[in-house]
Amino acid sequence: MAARIVKRRHVSSRLSCKLFILFSVFVFCVVVLVTAALFTLHSNSTKPSIRVSQAFYHGPPKIAFLFLVRRNVPLDFLWGAFFQNGDVSNFSIYVHSAPGFVLDESTSRSHFFYGRQLSNSIQVLWGESSMIQAERLLLSAALEDPANQRFVLLSDSCVPLYNFSYVYNYIMVSPRSFVDSFLDAKEGRYNPKMSPKIPREKWRKGSQWVTLVRNHAEVIVDDEVIFSVFKRYCKRRPPIDIRKGKLNLKLQKQHNCIPDEHYVQTLLALHGLEGELERRTVTYTLWNQSTTKTDNKGWHPITFSYANAGPRKIKEIKDISHVYYETEYRTEWCHSNSTSVPCFLFARKFSRGAAMRLLSDEVIGHIELSALLGNDL
Ligand SMILES: *[C@@H]1O[C@H](CO)[C@@H](O)[C@H](O)[C@H]1NC(C)=O
Ligand SMILES: *[C@@H]1O[C@H](CO)[C@@H](O)[C@H](O)[C@H]1NC(C)=O
Ligand SMILES: *[C@@H]1O[C@H](CO)[C@@H](O)[C@H](O)[C@H]1NC(C)=O
Ligand SMILES: *[C@@H]1O[C@H](CO)[C@@H](O)[C@H](O)[C@H]1NC(C)=O
């Protein structure tokens, strides 16, 4: 009995010795892994991001085209032609539409869009934080495919101004995101209650139509803190409603904030990532500057029609080589990977007629029109 106990003790001490060694090895591994992870994180924040994400992915990188639409993709016939001239292994498509809306033969003129709607889409109110939540859902879905290395956000009235391969090369050679971002000096959209999570000096404004590299897309999807500050304090001021009586006085004093014109640029500024940006958008908008007292909207985008989307106008847009930012006295010369390029790859807002004109003028390359015949345009 005693011997057995001794033996058992002996066995158990041998076991604990083995366990100790195993444990030590385990601890050593954990330390090595944590150090490596910290090192990677550290170098992530200082080096251009893409190399790191691409190191894990071997294969042709894709551009994810992310469409934020109300129901169908109205200019799908033009995009279909654009993708037709592309390379299926070089792009992917995601559409955020109304919940339950399905893209198929009956709702889309281009097979590229069939079934590309998100299954978890939400009801979007234009100018509200649901808009940035929809952007985050699109990015999140697209991040699931490691082949997606660039992320282009597009509206339902956006058109391409070049053929696929031109767009692909322009975006892919750039190690930076394209994010319109500038100081928002005069307008009262910043709410001091956002501080300290968003200090005033990090508050930015810019077009919501951004093109992102993978790790900037990750920053946006991983963010919960700044998004919740936006949800709480960045709200559109409702129009005056007589039925609300005196409440209007209070409502009109509210900060009038449009989340999608601030969120991405402010978030990336807070993360110290502005050095990894081309601080401009690749999506052209023509602004109508005539302000009337009655519509209190200020500037608003002009919609292109068949008549004013002719070759002269399109060439004018394509010839733009720099953008001037008044609030910063900054002239942004347009570059992609340090090479001078035209500023704009896409444009909005295009009516169906204007998009038809681009198609027939072969702005996006030669199209086999027979492929489009029989469709109800
Ligand atoms: C695409 O467009 C670019 C610039 O307009 C042009 O140089 C190139 O030849 C076009 N490529 C194809 C495949 O049409
Ligand atoms: C597709 O991607 C490959 C690899 O990046 C590239 O060489 C090729 O030119 C791309 N094709 C088009 C049509 O852009
Ligand atoms: C970017 O430009 C540098 C310097 O001209 C060049 O070496 C590099 O290959 C370019 N990157 C890409 C992805 O084309
Ligand atoms: C610009 O806006 C004014 C006032 O809203 C409008 O009357 C005019 O038609 C607009 N111009 C264009 C080109 O859309």
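What share of the contacts in the protein chain with a separation of 6 or more comes from residues 24 or more positions apart? I looked this up to begin with, and the figure is 76%. A note to self before going on: this is a predicted model.

**Entry: the chain as a whole**

I went through the secondary structure and found 11 helices and 17 strands in the protein chain. I then checked burial: the chain has 377 residues, and 36% of them count as buried.

**Entry: around ligand 2**

Next I asked which residues are around ligand 2. My list reads Pro60, Gly86, Asp87, Asn90, Phe164, Ser165 and Tyr168. Sorting this shell by character, I get three nonpolar residues, three polar ones and one charged.

I stayed with Asp87 for a moment. Its place is in a loop, with helix H3 (76-84) on one side and strand S2 (91-96) on the other. Is Asp87 buried or exposed? I find 12 other C-beta atoms within 10 Å of Asp87, and a residue with 12 or fewer counts as exposed, so Asp87 is exposed.

I also looked at how Asp87 sits relative to Phe164, another residue around the ligand. The two are 77 residues apart along the chain, yet their C-alpha atoms are separated by 8.3 Å.

**Entry: H4 against H6**

On to helix pairs. A reminder for this page: two packed helices are described by the angle between their axes and the distance between the axes.

For helix H4 (residues 129-143) and helix H6 (residues 214-222), I read axes that come within 9 Å and cross at roughly 125°. That angle falls outside 65 to 115 and is not over 145, so H4 is oblique to H6. The crossing of H4 past H6 is left-handed.

Who meets whom? On the H4 side I noted Arg136, Leu139, Ser140 and Leu143, and on the H6 side Ala217, Glu218, Ile220 and Val221. By character, the residues of this contact come to five nonpolar, one polar and two charged.

**Entry: H6 against H9**

H6 also has a contact with helix H9 (residues 263-270), so I repeated the look-up. Here the axes come within 10 Å and cross at roughly 100°. An angle from 65 to 115 counts as roughly perpendicular, and H6 and H9 are therefore roughly perpendicular to each other.

His216, Val219 and Ile220 of H6 make this contact with Val264, Leu267 and Leu268 of H9. I count the residues here as five nonpolar, one polar and no charged.

One last jotting: Ile220 of H6 is in my list for the contact with H4, and Ile220 is in my list for the contact with H9 too.

Notes
Residues are numbered from 1 along each chain as its sequence is written. Chains are lettered from A and ligands numbered from 1 in the order in which they are written. This is a predicted model: local features need pLDDT of at least 70, side-chain atom pairs count only at pLDDT 80 or more; totals for chains, interfaces and linings use all residues. A residue is near a molecule or strand if its C-beta atom, placed from the backbone, lies within 6 Å of it. Ala, Val, Leu, Ile, Met, Phe, Trp, Tyr, Cys and Pro count as nonpolar, Asp, Glu, Lys and Arg as charged, and the others, Gly among them, as polar. Axes are lines fitted to C-alpha atoms, for helices over the stretch in contact, and angles run from 0 to 180 degrees between N-to-C directions. Helices (H or I, at least four residues) and strands (E, at least two) are DSSP runs, numbered from the N terminus. Angles under 35 degrees count as roughly parallel, over 145 as roughly antiparallel, 65 to 115 as roughly perpendicular and the rest as oblique. A crossing is left-handed if the near helix is turned anticlockwise from the far one by less than a right angle, and right-handed if clockwise. Two residues are in contact if their C-beta atoms, placed from the backbone, lie within 7 Å. A residue is buried if 20 or more other C-beta atoms lie within 10 Å of its own, exposed if 12 or fewer, and partly exposed in between; C-beta atoms are placed from the backbone.
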